[in-house]
Amino acid sequence: MSTQLAVLAPSKAHPTRAALFVANDERMHWHDKALWFVRQKRDKAAASVPEWERLRELASQIKTHTLIHLPEYLEAFEAKARALGAEVHWAKDAAEHNAIVLGILEAAGAKRVVKSKSMLTEECHLNPFLEQRGYEVVDTDLGERIVQFRNEAPSHIVLPAIHIRKEEVGDTFHEHLGTEAGASDPQYLTEAARGHLRTKFMEADVGITGVNFAIAETGALVVCTNEGNADLGTALPKIHIACMGIEKLLPRTRDLAVFLRLLARSATGQPITTYSSHFFGPRPQGKLHIILLDNGRSGISQSPEFKSSLHCIRCGACMNTCPVYRRSGGHSYGTTVPGPIGSILAPARDPQAFQSLPYACSLCGSCTDVCPVKINLHEQLLLMRNEVTLKGYLPRLKQLSMTLASFVFQRPRLYAFLGALGRGFGRLLPKRWVNNRLNGWGLQRDLPPLPAKSFRALYRNRKLPR
């Protein structure tokens, strides 16, 4: 079922894909509990830092300042990185990004690539692009390697295999690594993966990483991991390719401390990631290529309503708290970055393909509450619904229902009459008349008991204090 979810086209609406995930009731509930556990760890970690809210506000201000001056900071970063010996490339979109990576591999005569976790390369679909051209690409993050074996996409940006149970991991490793049939002990499976990956590290010609932060002041890159795979992937091969979205920039080294204190606590409840690796140019006798990718980010940065979505530091906290994401799974979003932030970023780039995502939201505001850089996520999701509607991508049935609702809400007497009619007949109609396959909304929902009196009637008959 997971593989089926992973390959569904983005044009398939979120409810269609989510229905496949929730069909397995047991999976849905442990997925929900697992992510809520991570959310609780985040809360404890945040509560342990007295200045937590001050850090969030400061991070938001730094990101706002950086986006305002992004062209200048990007040029400064390029100059500093080149001075350190790095080669800097600019890519306007995913196709150009992949072509640059391919050109580097061809020039080096490389065939084997190890890659640490990088949502940007997932966004560009780099793996299949290279594999189709005869290159071996090995994801070295354990969760990423699991989903790669299963021919799936990550379902979470920090916990890519959160949708897979340990028993399923055991079956996958038995098939691909020859582990014992039926084995599900996490330590045994992890050691098997470690032995497999060490060989891949030793054989690799090129190491590819993402970038968590880049410093304009120094030209340095910062990569945060918990497994050390990025360090091995850049220390053993002579060529390091760092793939970076242009929004990952910070102005000064001193700004980095703010984000390192927020990132791991928000993501997994840790005080800091196990490894925070800083790269100042290539290693001796090695090469460092930095690819700066736009892919729609410049357009989003010009939007007054949605530009703050580029503040995102990819911690996943909004996903861990979102009641919709926790119960529908990451693959149901059909985009590299799922959850609340993905429901803004994806339709901001392609509103037609991802028109259903802003509606995959209860507008509870929990995502905004936990965001470490204070993105007003639920407000942007509401605004994105308006954008989708204005551009004509809202399905006709939903347009009709909203038009009818607007017509009724603007006429108080009609509203009161229909309310009385609904209260009267609603209690008499069998539930199956409302909750059936002809009513997609009501099929998975149930209305609360209808009141005997309207609010207006109760208000008129209220007893005022003497």
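Is T179 buried or exposed? In this predicted model, T179 counts as buried, because its relative accessibility is 5%. The residue is found in the loop between α10 (166–177) and α11 (186–203). Its surroundings can be listed. Leaving aside neighbours within four places in sequence, T179 is in contact with G170, F173, H174, Y188 and A192. One of these residues, F173, also offers a backbone oxygen. That oxygen lies 3.4 Å from a polar atom of the T179 side chain.

Helix α10 comes next. Its buried residues are V169, G170, T172 and F173. Seen down the axis of α10, the buried residues fall within an arc of 165°, so they line one face of the helix. A general point about helices helps here. An α-helix has 3.6 residues a turn, so residues three or four places apart point the same way. The buried residues of α10 pack against two helices, α9 (142–149) and α11. After α10 comes G178, with a positive phi near 75°.

Helix α9 shows a fuller burial. Seven of its eight residues are buried, so α9 is largely enclosed by the rest of the structure. The buried residues are G143, E144, R145, I146, V147, Q148 and F149. Their cover includes three helices besides α10: α7 (119–123), α8 (126–131) and α11. Strand β3 (136–139) also belongs to the cover. At the N-terminal end, D141 caps α9. A side-chain oxygen of D141 lies 3.0 Å from the backbone nitrogen of G143. α9 is followed by N151, where phi is positive and near 60°.

A sheet forms another part of the model. It is open and has four strands, in the order β8-β5-β6-β9. The pairing is mixed. β8 (249–250) and β9 (275–279) are the edge strands, and each pairs on one side only. Strands of a sheet pair through backbone hydrogen bonds, either parallel or antiparallel. Strands β5 (residues 213–215) and β6 (residues 220–225) pair in the antiparallel sense, over three bridges. Here F213 stands opposite V222 in β6. These two strands make a hairpin with four residues between them. In that hairpin, G219 takes a positive phi near 80°. On its other pairing, β6 joins β9 in the antiparallel sense over five bridges. V223 stands opposite S277 in β9.

How many residues of β6 are buried? Six of the six are, so β6 is largely enclosed by the rest of the structure. Its side chains point two ways. A220, V222 and C224 point one way, and L221, V223 and T225 the other. Residues on both sides are buried. Helix α13 (residues 253–267) lies across β5, β6, β8 and β9. Relative to β5, α13 runs at about 170°.

D205 offers a contrasting setting. The residue has its place in the loop between α11 and β4 (206–209). D205 counts as partly exposed, because its relative accessibility is 26%. Not counting residues up to four places away in sequence, D205 touches A110, K111, R112, P237, K238 and I239. With K111 there is a polar contact: the D205 side chain reaches the backbone nitrogen of K111 at 2.9 Å. Q40 lies elsewhere. D205 and Q40 are 165 residues apart in sequence, and their C-alpha atoms are 41 Å apart in space.

The cysteines were also examined. The count of disulfides comes to zero, under a rule that asks for sulfur atoms within 2.5 Å. Why is C124 not bonded to C243? The C243 sulfur is the closest cysteine sulfur to that of C124, yet the distance is 7.5 Å, too far for a bond. C124 is buried, with a relative accessible area of 3%. C367 is likewise in no disulfide. Its nearest cysteine sulfur is that of C361, 5.9 Å away. C367 is also buried, at a relative accessible area of 6%.

Notes:
Residues numbered from 1 in each chain as written. Predicted model: local features only at pLDDT ≥ 70, side-chain atom pairs only at ≥ 80, totals over all residues. Heavy atoms only, no water. Pairing = 2+ DSSP bridges. Contact = heavy atoms within 4.5 Å. Axes fitted to C-alpha atoms, helices over the stretch in contact; angles between N-to-C directions. Buried < 20%, exposed > 50% of the residue type's maximum accessible area, 1.4 Å probe, protein only. Polar contact = N/O pair within 3.5 Å; in protein donor to acceptor, adjacent residues only side chain to side chain. Arc of directions from axis to C-beta.
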